[in-house]
Amino acid sequence: MQGLLLISIGLPAVAGILLLVLAFSEHLRAVGGTGVKHMRLYLFVSVMLVASVLLATTAAWTGDNSVVLFRLIESIPVYFRVDEVGRFFITIVSVIWLAVGLYSVPYMKHEGGEKRYYGFFLLSYGVLTGFVYAGNLITMYLFYELITLVSMPLVLHNGTREAVTAARKYLFYSLCGAYGGLFGIFFLYRYCGSLDFMMGGTLDAAAVRGHEGILLMVVFVMLMGFGVKAGMLPFHAWLPAAHSVAPSPASAMLSAVIVKAGVIAIVRVVFYVIGTDFLRGTWVQYLWMTLALLTVFMGSMLAYRERGFKKRLAYSTVSQVSYILYGLSLLTSEAMAGALFHVAAHGLIKCGLFLTAGVFLYRFGYTRVEELEGLGKEMPKVMWCYTLFALGLVGIPPTCGFISKWYLAQGSLHSEIPVFSWLGPVVLLVSALLTAGYLLPITIKGFFPGEEKSRENRKVHSGEEVCQGKEIASSMLIPLLVLAVLVLVLGIFPITLFK
Amino acid sequence: MLIVVILPLFAGILMPMLPFRTRKAMLVYLETVVSINSLLVLLLLLYMPEGTLTLFRFTGNLSVTFRLDGMGAVFAGMAAVLWPLAMLYSFEYMKHEDNEGSFFLFYVVTYGVTMGIALAENILTMYFFFEMLSLVTLPLVLHTRTREAILAARSYLYYMLGGAAFAFIGMVFILVYGTTSSFVAGGVLNMAGIGEKSDMLLLIYVLCFCGFSVKTAMWPFSSWLPKAGVAPTPVTALLHAVAVVNTGAFATMRVTYFSFGTELLRGTWAQKVVMVPVIFTIVYGCSRAVKETHLKRRLAWSTISNLSYILFGVVLMTPLGLVGAMAHMLFHSFMKICSFFCVGAVIYQTSKHYVQEIDGFGWRMPKIFCCFTVSAFALMGVPGLCGFVSKWNLAKAAVDSEMPLAYVGIAALMVSALLTAIYMMDIVIRAFCPVKGSDAVDDKNVKDANWKMWVPLAVFVAVMFYFGLHSGPVMELLEGMIY
């Protein structure tokens, strides 16, 4: 089964690179794609994607696989191992990638540069697979950095000045964070028995004695470093910029999955390398909790004030991912379960939200919130999906957002940390209120725009040929429906994920 | 052993006397000489001859003597691999420049001098070739004969001579207080004879270190290097990014580990005094690189920063630090020469010198810019490329030393990695993702470079990947030569 693991990482990566090479040579010869070529491209991408997803999930569910690929440095193997977290995360990634892949077909046809887009799309799937299956810190770091490098081109896809600036911002912030992480890895190599992931940590108590202060500092730097990718304050500025200029399906991937790479990295460092005992009750934990809660509040507040639709969603991501970080910072298993559940819940919901934002952008060219008034009549299905996602993000049962927030609040109340145990839930509630405040008015205005707006003539922006009178092409609608159903199913039967 | 030093010297000096009918004949002659010499060096490395070879004696124990040891072998091997490739590249590059003859003369002579430094058995020999290197590379800086070049050459000369003077002081003291002038691992100082003078000796060490590190362009002696960027690219790439500056680093390794000895130095104020400017330079060089928009000067600042990585490894004064320093010296040479040659190819093909002029060139010159991207990733320290391996070793050594100042150094390494990403990826992003509407993309005259230029680049890229993915053997070699 070891080969399977490697192939599941290699296949999408190779396929992606192949597409990129094709795109590159095509660009050099300056020939455009034709209809027939499009069909071939879709066929190739879909076969590759489905194959990779199948491979990755079978690798995940066929027992504990592990494989050492080769040694990067004598003492540091590139080592993959499937474990609970990896299994869980790859499932979410696969669902989102499939949904986004289907959705991209009409969307990216309009946007252009498809080969390049699908190339990086597949490549990032491979890299993410490698990332979640990484068995030690170095392997994880390797793929962490690769994630940044292969997802950056998705941000600058349309090549406008704004996009290029945002992509740079994204790249430099992320690398800054990655180097913060690497800084810590140097020290952990010295003070840990091994860098392999093991639940409970591998800290070498004898080596640490006398160096607690420096090690805490180092852990803090690592948290901040990996927190950059998760959009934690004060390093969140790149996120709204990058996620709002990327093509919508790419924003969906970035916001739903790629930011979670930071979360997973923190989970690995805190729970699998250092161990929670070392951190519990230290200043690092308190500072971490404070920053996370601050981000939860600030993110919601900024989203509430923002008028650009995708940017609002991006700020919402800043806030929501910090829910997860807050859950992790409590260092209890209950809160961690809630946090991981929120990884899934937020992933599905935010993916859905960005895809709906993409629908409006694609059909009417709308980017601002006030433009969406009265759209409910024209696109009832899309608007209903949107409403469901919005409710999920606010955390109203029976959606999955409720479950994760319930566990987060429970975990916080049971943690017996002074002040924070009750402050946390309060902040979460306030943020939920704000979330309702920035998401739900769109639904309300969408269905009840008031007298004068409803008669307004809409100019169709694009996509007439694929929609043919329907509100939206089915390849864009199906992913939305599937995600919506999943949000409900996970809300009603959360037990499936809690194993 | 002598041959590898003498052959390029004579071949170079002979060059003006030989009647070459065509340019081609000259090039064939040059490439043959350099290749044969490289082959000889590699043969030497294969057999690792024991024993020393004394060329002549001045007086007493002052002699010009050669010997091949582990560290020298690494340095010599590196130069032997790089020189023929750089030669090939410069054949194409120098087509546009005048006075090819004198250029190649000094280019070849420098090879011999570098070998002399690598194989030097004692401090005097090293000093001798060290001075010589400054002198023979001077005409190369001067090459274009523009006002700028003359000014640059002047400051180059002053810095070098100043540095050599300080190094000379150190040499004298080693001759007086040492048991022998040879390089012996662990140092040659006569501990009994030092007694209370250790503070003075530490001061001398600091002076000597500064003197040699002028060549590595450590702050505050760094300004000559960006200025020297007026020289033709093969010179800036091979000499000012690799040979000359590495000689400085190599010399500091020799004096630190093989003359003064780390036993005397470790944990003293002298170590801290030299470490502070080194750490500062790591960040300073990168920051200046970010600010600089001239392509070659940007890379020159980057070199300054990276050379200080090496010095950082040296001043950790642990065997691990030396291993890290050697590794970075080796790997950095490949990374930097690759990026320099890429930039040189751009300058050669398009005569654009500034960062903002290269929008969209990535699509016009794909081979060159792919190589450049790889070298950028390597310099940033992406795992899987060689830059990561050396950074890892340096940082590991720094953590192990348990000095607070060394921790600051690691932080400096990370900051510098970020800044490196900024100034390198800036170029990559510009080249591949021009902002919509810029006209550079349509510039049909911009063509990819020909094989003489990209073959060396491809070799460098392959080497970077090889060392990055499979660093075991080379690290073992480096460790073996020190313990």
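Let me begin with a term: two residues are in contact if their C-beta atoms, placed from the backbone, lie within 7 Å. By that criterion, among the contacts in chain A between residues at least 6 apart in sequence, 81% join residues at least 24 apart. I should say at once that this is a predicted model, in which local features need pLDDT of at least 70 and side-chain atom pairs count only at pLDDT 80 or more, while totals for chains, interfaces and linings use all residues. Residues are numbered from 1 along each chain as its sequence is written, and chains are lettered from A, with ligands numbered from 1, in the order in which they are written.

Taking chain A as a whole, its secondary structure comes to 22 helices and two strands, where helices (H or I, at least four residues) and strands (E, at least two) are DSSP runs numbered from the N terminus. The radius of gyration of chain A, taken over C-alpha atoms, is 22 Å, close to the 23 Å that the globule rule (2.2 Å times the number of residues to the power 0.38) gives for 499 residues, so the chain is as compact as a globular protein of that length. Of those 499 residues, 58% count as buried, meaning that 20 or more other C-beta atoms lie within 10 Å of the residue's own, whereas 12 or fewer make a residue exposed and anything in between partly exposed.

Turning to the interior, the largest nonpolar core, a set of buried Ala, Val, Leu, Ile, Met, Phe, Trp, Tyr and Cys residues joined through C-beta atoms within 7 Å, has 395 residues, and I96(A) and I337(B) are among those with the most contacts inside it. Helix α10 of chain A, residues 248-274, gives the largest share of this core, with 20 residues.

I96(A) also appears in a helix pair, since it is one of the residues of α3(A) that meet α14(A). These two helices, residues 84-111 and 333-364, pack at an angle of about 5° with their axes 10 Å apart, the axes being lines fitted to C-alpha atoms over the stretch in contact and the angle running from 0 to 180 degrees between N-to-C directions. Angles under 35 degrees count as roughly parallel, and α3(A) and α14(A) are therefore roughly parallel to each other. The residues of their contact divide into 13 nonpolar, three polar and no charged, with Ala, Val, Leu, Ile, Met, Phe, Trp, Tyr, Cys and Pro counted as nonpolar, Asp, Glu, Lys and Arg as charged, and the others, Gly among them, as polar.

Between the chains, 30 residues of chain A are in contact with 27 residues of chain B. On the chain A side, α6(A) gives the most, with 15 residues, and that side divides into 20 nonpolar, four polar and six charged residues.

Finally, some backbone details. Most residues other than glycine have a negative phi, and most peptide bonds are trans. The peptide bond from L233(A) to P234(A), however, is cis, with omega near -5°, and P234(A) sits in the loop between α8 and α9 of chain A. V419(A) has a positive phi, near 60°, and is exposed, with 9 C-beta neighbours inside 10 Å. A217(B) likewise has a positive phi of about 60°, but is buried, with 27 other C-beta atoms within 10 Å.

Notes. Parallel < 35°, antiparallel > 145°, perpendicular 65-115°, else oblique.
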